[in-house]
Amino acid sequence: MTAKNHGHTPYINNMRPQDILTPQPAGLCCKPGGFHIDPVRPVARAVITHGHSDHARAGHGAVLATQETLDMMRLRYGDNFARSTQAVAYGEELRLGDVTVKFHPAGHVLGSAQIAVSCENTRVVASGDYKDAPDPTCTPFEVVPCDVFITEATFGLPIFRHGDAADQVEKLLASVALFPERAHLVGAYSLGKAQRVIALLRAAGYDAPIYLHGVMEKITHYYQSRGVELGEIRPVKGMKKADLAGTITLAPPSATSDVWTRRFPDPVTAFASGWMRVRARARQGGIELPLVISDHADWDGLTATIQATGAGEIWVTHGQEDALVHWCKTQGLAARPLDLVGYGDEDGGEDETASTESGDA
Amino acid sequence: MNRFAELLDRLAYEPGRNNKLRLITNYFRIVEDPDRGYALAAITGALSFKHAKPGLIRDLIAERTDPTLFALSYDYVGDLSETVALMWPKSSERPLHNNPPPPTLTEVVTTLRTLGKTEMPRQLSRWLDDLDETGRWALLKLVTGAMRIGISARLAKTAAAALGDKDAHEIELIWPGLSPPYLDLFAWLEGRGEKPVNLDPAPFRPVMLAHAIEDADFANLNAADYIAEWKWDGIRVQAVSGRDAQGQITTRLYSRSGEDITGSFPDLLPSLHLRGAIDGELLVVRDGRVQSFNVLQQRLNRKAVSPKLLKEYPVHLRAYDLLADDETDLRDLTFAERRERLEAFVKKLGDPRIDLSPTIAFDSWERLAAARRDPSGAGAGEDSEAVEGVMLKRRDALYLPGRPKGQWWKWKRDPHVIDAVLMYAQRGHGKRSSYYSDYTFGVWTGAQDDAQLVPVGKAYFGFTDEELLQIDRFVRRNTTEKFGPVREVVHEPDQGLVLEVAFEGLQRSTRHKSGVAMRFPRINRLRWDKPPREADRLETLERLLKGPVLPEPAESGSD
């Protein structure tokens, strides 16, 4: 893959990876293909990796994404979120301008994709957000061999090792057993994390109804409609306080410290996130039961993936770029931070929408 | 070790006392001997071994990780043990299967006791290889002696007692005779063995505590049934002397929760040369005058006591009860009878460092109220600065552990009160995590026409549930800025919330911008009626200050 093709037109000859994909204020721009990947400002043609709101925004002209990602955008923004849309399946190859584009599973959330952009003999893979850990709610991550790998670095420090999510769910269930008179409130990002936690609870044999904060209902039902088995799900709205003793409710992180929690009997506040690995982070948020469950690759996952792609050059974006760039260099890989702005980490950001909607959710 | 680590981990995040108890009791229930006994010892601070220095931990991680990655990680986490626990690389030489089981707490504790200094690094790295993240964190906290998890010895004993439906007092009574891993204690708690006997010649006896009296209580109380004393602003101690098997006098000082604090007060021990158990107040007395609590604080929570400290802060015991006289247990006598025995005992000791807590003469509640208002005119004289109210004890009260109803009352002097302005509010923890319940308040300083608010304290109780709701609503509607869990609340001369803050005392502080620190501040009243411009000024507080600048106080517990 790394062998460059010499000959052909001078134009192709001069094609460097940074000419194929270039960071711009609007996002990662593919000039020869005439599109942006996950643009943060409205553009003519957008290719979207996954449905999280910092990557999938409304107001673009044409949007190319997986069917699930398009559906999620429609759920969030309404039918007119873009002028036109085109659904693409994993493994399907499309010609866009002078490049070919191919979507591969990213294992991050339902419908999430890495986007391989090839121009002549050079292939650049923009991974969006990804994880190599098992997740019953989405298609498993796939390593895509390439010349340049663009990796996220949300958990790009060697202190972040997520471990087995099933152990964290055991911890939650042990707490529910020890405090049957209290409600357990699990903060989890509405898209992806919440459904994964539910699926993990089911896999652990928990078959009682699981309650949901109002803002999560639509997206969770969507997961179910795509064949993800989540068991009995109930809205928490309208439940009597006493009846919530011994139950598990999922809510957006910001709602777990909100007035909304007053409807629960002496709630135990849990939070499912990779950030929970760091004690100060958990304490700051007033979390009583931190659950280290992440939809991003941990340090070991990031470094193993980088090596598996065979890429000789690594571009590092959103997160702890410095440490990962440093590590790449110690491995003899060319690496640089990619200055892209506008991408948050879904668990870390203040999700104020949830708290404003929560009054009655 | 991993189960102990899980317990510590969970306790570190759990704010509620009862929930902490549940977690610890549950651990004692599911974990077998001797692991649980060593856990009890670790929590109560009863383990002793040479602690590992942070430098050793740094060396271990430096051998295994890239220095740049370590620096970035340490910078992010901010805690050495935690960074090392999280970064520790999985040992690659180790086969994936047939790993040795991780070390038990027993293995760790017993090994540490005998481990030579040179063997420490290798042993520690072997354990770190075998444990998971939480296990490594707990191990490092344990070996560096930095296990601050907010669990008192008393709470751990209460949790153990719950295992056998016993009272924590019973464990405190026999505790000095027990040692890790407490096999006999657990056997008794689980009904498999006899109650262990305390063979300590100078055992602790659980203390009797007083209820705070309310105005309405007086209607049902008869002044003639009570003896009154000053409530001294020192620390409650129990001084016990006994004879050991060799006939030697052994003397111990205990805190009110039964912790042995003998080592901090060697200057008092020679005075306690008669067998017996005195309940009293530890005070600093200079030139015959009782010093304030601020002065006494110089002697608290110190492991080593310098001769200079002993000379400048001489401690003194003001005796108010006698629990044992020679061999005889007096706790079944009435207070009036014990008081007589105490008077004789103190006289026999004949030591200027130990004196009797004087009684206050009164024949009606009105007379006592007058004495409380003006202690110096009612017998406390120049010591009145160190009086924080009066104590009422029923003449016929037996010495009962805990806080029995209607026997002893404390009637604290009225607190100082100021009007301050709410400046910042922070979300609480546990049950209060959805409420802004921790308040930083300030008073005015600077010229009248250009006055600024300067924070003078923080309070998170004193208000009713209804008032909490009102303040919470006010905070949410009047936020000017957010800093994570903290909100800045509007505090302008004409806009803001005035809080009437009550506090027990004031001292100079180098830590606070205002230069003062309040003791025991709480929200007394909400002054919705008062515009912030009419709140108090810093000068009002400064007038209350007397005495020298003192370094930050050690943890206190005065009643």
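In this predicted model, the pLDDT of chain A averages 90, and 91% of the residues of this chain score at least 70. The pLDDT falls below 50 over residues 1–12 of chain A, a stretch that nevertheless has 13 contacts in the model beyond near neighbours in sequence. A second such stretch of chain A, residues 348–361, likewise has a pLDDT below 50, and 25 contacts beyond near neighbours in sequence are found for it in the model. Where pLDDT is low, predicted coordinates should not be read in detail. The contacts counted for residues 1–12 of chain A and for residues 348–361 of chain A are therefore not interpreted in detail here.

Chain A is assigned two domains. Domain 1 is made up of two segments, 10–159 and 295–343, while domain 2 covers 165–293. A distance of 30 Å separates the C-alpha centres of domain 1 and domain 2 of chain A. To the contact between them, domain 1 of chain A contributes 17 residues and domain 2 of chain A contributes 16 residues.

A β-α-β unit was examined in chain A. Strand E5 of chain A, formed by residues 60–65, pairs with strand E6 of chain A, formed by residues 82–87; the pairing is parallel and extends over five bridges. Within this pairing, His60(A) is placed opposite Ala82(A) of E6(A). Together with helix H3 of chain A (residues 67–77), strands E5(A) and E6(A) form a β-α-β unit that is right-handed.

Chain B comprises three assigned domains: domain 1 spans 2–143, domain 2 spans 211–412 and domain 3 spans 416–544. Between domain 1 and domain 3 of chain B, the C-alpha centres are 41 Å apart. The secondary structure of chain B consists of 18 helices and 21 strands.

The overall dimensions of chain B were also computed. The C-alpha atoms of this chain occupy a box of roughly 80 × 70 × 45 Å along the principal axes. The radius of gyration of chain B is 27 Å, which agrees with the value near 24 Å expected for a compact globule, because chain B has 559 residues. Of these 559 residues, 37% are classed as buried. As for the contacts in chain B between residues at least 6 apart in sequence, 69% link residues at least 24 apart.

Methods
Residues are numbered from 1 along each chain as its sequence is written. Chains are lettered from A and ligands numbered from 1 in the order in which they are written. This is a predicted model: local features need pLDDT of at least 70, side-chain atom pairs count only at pLDDT 80 or more; totals for chains, interfaces and linings use all residues. Domain bounds come from an automatic or database domain assignment. Helices (H or I, at least four residues) and strands (E, at least two) are DSSP runs, numbered from the N terminus. The radius of gyration is taken over C-alpha atoms; the globule rule is 2.2 Å times the number of residues to the power 0.38. A residue is buried if 20 or more other C-beta atoms lie within 10 Å of its own, exposed if 12 or fewer, and partly exposed in between; C-beta atoms are placed from the backbone. Two residues are in contact if their C-beta atoms, placed from the backbone, lie within 7 Å. Two strands pair if DSSP finds at least two bridges between them. A crossover is right-handed if, with the strands pointing away from the viewer, the path from the first strand over the helix to the second runs clockwise. pLDDT is the predictor's confidence in each residue, from 0 to 100.
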